[in-house]
Amino acid sequence: VSKQAVADRFMTALQKTEAAHDPGPVAGLFADDAELTNLARPEPARGADGARQFWADYLKAFGEIRSEFTLAVADDRAAVLEWASEGTLPN
């Protein structure tokens, strides 16, 4: 699978996750050995279950959230995505 295909799947999944307020689409992209980090978390989220919790926590931080991707560059080794998000607080 090309890195561009992986980037495309992530972009689509994140937008589906945000629109449905359901972590499933984006969390489903992560393998059992995944590690997700965030400056607000002292420890990385690990594995598929950790990815689901990571994205559920992301959604809980917002009433509504929508991300717009502004750049997606990929080669055979890596992909880089840039996006801006706009949202509301939960209350």
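**Entry 1: surface and overall size**

I started with the surface: the accessible area of the protein is about 6200 Å², and carbon and sulfur atoms hold 52% of it. I computed areas by the Shrake-Rupley method with a 1.4 Å probe, where for residues only the protein chains shown count as cover.

A note to self on ground rules: this is a predicted model, where local features need pLDDT of at least 70, side-chain atom pairs count only at pLDDT 80 or more, and totals for chains, interfaces and linings use all residues. Residues are numbered from 1 along each chain as its sequence is written, and side-chain values use heavy atoms, with hydrogens and water left out.

Next I looked at size. The C-alpha trace spans about 45 × 30 × 25 Å along its principal axes. The radius of gyration is 13 Å, which agrees with the value near 12 Å for a compact globule of 91 residues. That radius is taken over C-alpha atoms, and the globule rule is 2.2 Å times the number of residues to the power 0.38.

How much of the protein counts as buried? I get 27% of the 91 residues. Buried means under 20% relative accessible area, exposed over 50%, and partly exposed in between (1.4 Å probe, protein chains only).

**Entry 2: the fold along the chain**

I listed 3 helices and 4 strands, in the order α-α-β-β-α-β-β along the sequence. These are DSSP runs numbered from the N terminus: helices are H or I with at least four residues, strands are E with at least two.

I then checked contacts (heavy atoms within 4.5 Å). Of those with a separation of 6 or more, 47% join residues 24 or more positions apart. One pair I looked up by C-alpha distance is A5 and A74, which are 69 residues apart along the chain and separated by 9.0 Å. A5 lies in helix α1 and is partly exposed, at a relative accessible area of 28%.

**Entry 3: helix α1 and its end**

I compared α1 with its expected span, which is 1.5 Å times one less than the number of residues. For its 18 residues that gives 26 Å, and the end C-alpha atoms are 26 Å apart, so the two agree.

The buried residues of α1 are A7, F10, M11, A13, L14, T17 and E18. They pack against α2, α3, β3 and β4 (79–88).

I picked out T17, which has 0% relative accessibility and therefore counts as buried. Leaving out residues up to four places away in sequence, T17 touches D22, P23, P25, V26 and L59.

What follows α1? H21 does, with a positive phi near 55°. I flagged this one, since most residues other than glycine have a negative phi. H21 sits in the loop between α1 and α2 and is partly exposed, at 38% relative accessible area.

**Entry 4: helix α3**

I ran the same span check on α3: its 14 residues reach 20 Å from first C-alpha to last, close to the 20 Å expected. Its buried residues are G47, G50, A51, F54, W55, A56, Y58 and L59. These pack against α1, α2, β1 (35–36), β2 (45–46), β3 and β4.

**Entry 5: the nonpolar core**

I searched for nonpolar cores, meaning sets of buried Ala, Val, Leu, Ile, Met, Phe, Trp, Tyr and Cys residues joined through side-chain atoms within 4.5 Å. The largest has 16 residues, and those with the most contacts inside it are F10, L14, V26, L36, W55 and Y58. The elements giving two or more residues to this core are α1 (3–20), α2 (24–27), α3 (47–60) and β3 (64–74). Which element gives the largest share? That is α3, with 5 residues.

I followed L14 outward: leaving out residues up to four places away in sequence, L14 touches V26, W55, Y58, S67, F69 and W83.

**Entry 6: aromatic rings**

My pairing rule: rings of Phe, Tyr and Trp (its six-membered ring) pair if their centres lie within 6.5 Å; planes under 30 degrees apart count as stacked, over 60 as edge-to-face and the rest as tilted. By this rule I count 7 aromatic pairs. One of them is F54 with W55, edge-to-face at 5.2 Å centre to centre and 75° between the planes. F54 is buried at 11% relative accessible area, and W55 is buried at 7%.

Y58 and F62 also pair edge-to-face, at 5.5 Å and 65°. F62 is partly exposed, with 23% relative accessible area.

To close the page, I noted that F10, F54, W55, Y58, F62, F69 and W83 form one aromatic cluster.
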